Amino acid sequence: MGASSIEPRGAKRLALGLTYERKTEFPRLATDRADADSELFSHEEEDDLLSGLRDAGYDVVRIGDARRLVNRIGVWRKRCDLVFNLSVGYRGIERKLIVPGVLEAAGIPYVGSTPNVLTLTRHKL
């Protein structure tokens, strides 16, 4: 048992919300490139990530994509101490901004770049 897995008696585990998209839920269109879902999680990648975070001592709360985040924003605000944002969105040039924008508007702390930073790095010249 590693030192990171030892908790002081009575300590609360950090509830870490996780935002991400799954390959199996990608709404594929006939016009999509073959690799359009390359940044999305497979079931194996999702399982590995969840196992690693739990092994590191986090209480992981699966949020999923932006639609799930918005539909239950009050639940996530109550259940999550912090959100680990791995969302890349499904479509559109600004797709990566949606989740951090919603989290900021809802006052939910998160790990990852702000919408402003994502915009600046997206539009490089």
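**Exercise 1. Strand 1 and its partners**

Which residue is the bridge partner of L18 in strand 2? Then place strand 1 in its sheet.

*Solution.*
Step 1. The model is predicted. In it, L18 has R62 as its bridge partner in strand 2.

Step 2. Take a second register point. A15 has D59 as its bridge partner in strand 2.

Step 3. Count the links. Strand 1 and strand 2 pair over 5 bridges, in the parallel sense.

Step 4. Follow the chain between them. It leaves strand 1, passes through helix 1 and arrives at strand 2. This β-α-β crossover is right-handed.

Step 5. Turn to strand 3. It runs parallel to strand 1, and 4 bridges join the two. L16 stands opposite L82 of strand 3. T19 stands opposite N85, also in strand 3.

Step 6. Assemble the sheet. It is open, has 4 strands in the order 2-1-3-4, and its pairing is parallel. Strand 2 (59-64) and strand 4 (110-111) are the edge strands, each pairing on one side only.

**Exercise 2. The surroundings of strand 1**

Work out how strand 1 is covered, and which way its side chains point.

*Solution.*
Step 1. Recall the rule. Side chains of a regular strand alternate between the two faces of the sheet.

Step 2. Apply it. A15, G17 and T19 point one way from strand 1. L16 and L18 point the other way.

Step 3. Check the cover. The residues on both sides are buried. That makes 5 of 5 residues of strand 1, so the strand is largely enclosed by the rest of the structure.

Step 4. Set this against the whole. Of the 125 residues in the protein chain, 34% count as buried.

**Exercise 3. Aromatic pairs**

How many aromatic pairs does a search of the whole structure find? Classify each one and say which parts of the chain it links.

*Solution.*
Step 1. The search finds 2 aromatic pairs.

Step 2. Choose the two descriptors. An aromatic pair is described by the distance of the ring centres and the angle of the planes.

Step 3. Take Y20 and F41. Their ring centres are 5.6 Å apart. Their planes stand at 70 degrees, and over 60 counts as edge-to-face, so this pair is edge-to-face.

Step 4. Locate this pair. Y20 and F41 lie in the loop between strand 1 (15-19) and helix 1 (43-55), 21 residues apart. Both Y20 and F41 are buried.

Step 5. Take F26 and Y90. The centre-to-centre distance is 6.1 Å and the angle between the planes is 45 degrees. This pair is tilted.

Step 6. Locate this pair too. F26 is in the loop between strand 1 and helix 1. Y90 is in the loop between strand 3 (82-85) and helix 4 (98-106). The two are 64 residues apart in sequence, so the pair ties together separate parts of the chain. F26 is buried, with a relative accessible area of 9%.

**Exercise 4. Two arginines**

Describe the settings of R22 and R72.

*Solution.*
Step 1. Place R22. It lies in the loop between strand 1 and helix 1.

Step 2. Is R22 buried or exposed? Its relative accessible area is 18%. The cut-off for buried is under 20%, so R22 is buried.

Step 3. List its contacts, leaving aside neighbours within four places in sequence. R22 touches L40, F41, E46, R62 and Y90. F41 belongs to the edge-to-face pair. Y90 belongs to the tilted pair. R62 is the strand 2 partner of L18.

Step 4. Add a distance. The C-alpha atoms of R22 and D37 are separated by 8.5 Å, and the two residues are 15 residues apart along the chain.

Step 5. Turn to R72. It lies over the face of W76, 5.1 Å from the ring centre.

**Exercise 5. A helix residue and the overall fold**

Place V75, then summarise the chain.

*Solution.*
Step 1. V75 sits in helix 3 (residues 73-79). V75 is partly exposed, with a relative accessible area of 28%.

Step 2. V75 and I63 are 12 residues apart along the chain. Their C-alpha atoms are separated by 9.9 Å.

Step 3. Count the elements. The protein chain has 5 helices and 4 strands. Along the sequence they follow the pattern β-α-β-α-α-β-α-β-α.

Step 4. Look at contacts with a separation of 6 or more. Residues 24 or more positions apart account for 67% of them.

Step 5. Finish with the surface. The protein chain exposes about 7900 Å², and carbon and sulfur atoms supply 55% of it.

Notes:
Residues numbered from 1 in each chain as written. Predicted model: local features only at pLDDT ≥ 70, side-chain atom pairs only at ≥ 80, totals over all residues. Heavy atoms only, no water. Phe/Tyr/Trp six-rings, centres within 6.5 Å; stacked < 30°, edge-to-face > 60°. Buried < 20%, exposed > 50% of the residue type's maximum accessible area, 1.4 Å probe, protein only. Lys NZ or Arg CZ within 6 Å of the ring centre and 35° of its normal. Pairing = 2+ DSSP bridges. Contact = heavy atoms within 4.5 Å. Areas by Shrake-Rupley, 256 points an atom, 1.4 Å probe, with all protein chains shown as cover. Right-handed = clockwise from strand over helix to strand, strands pointing away.
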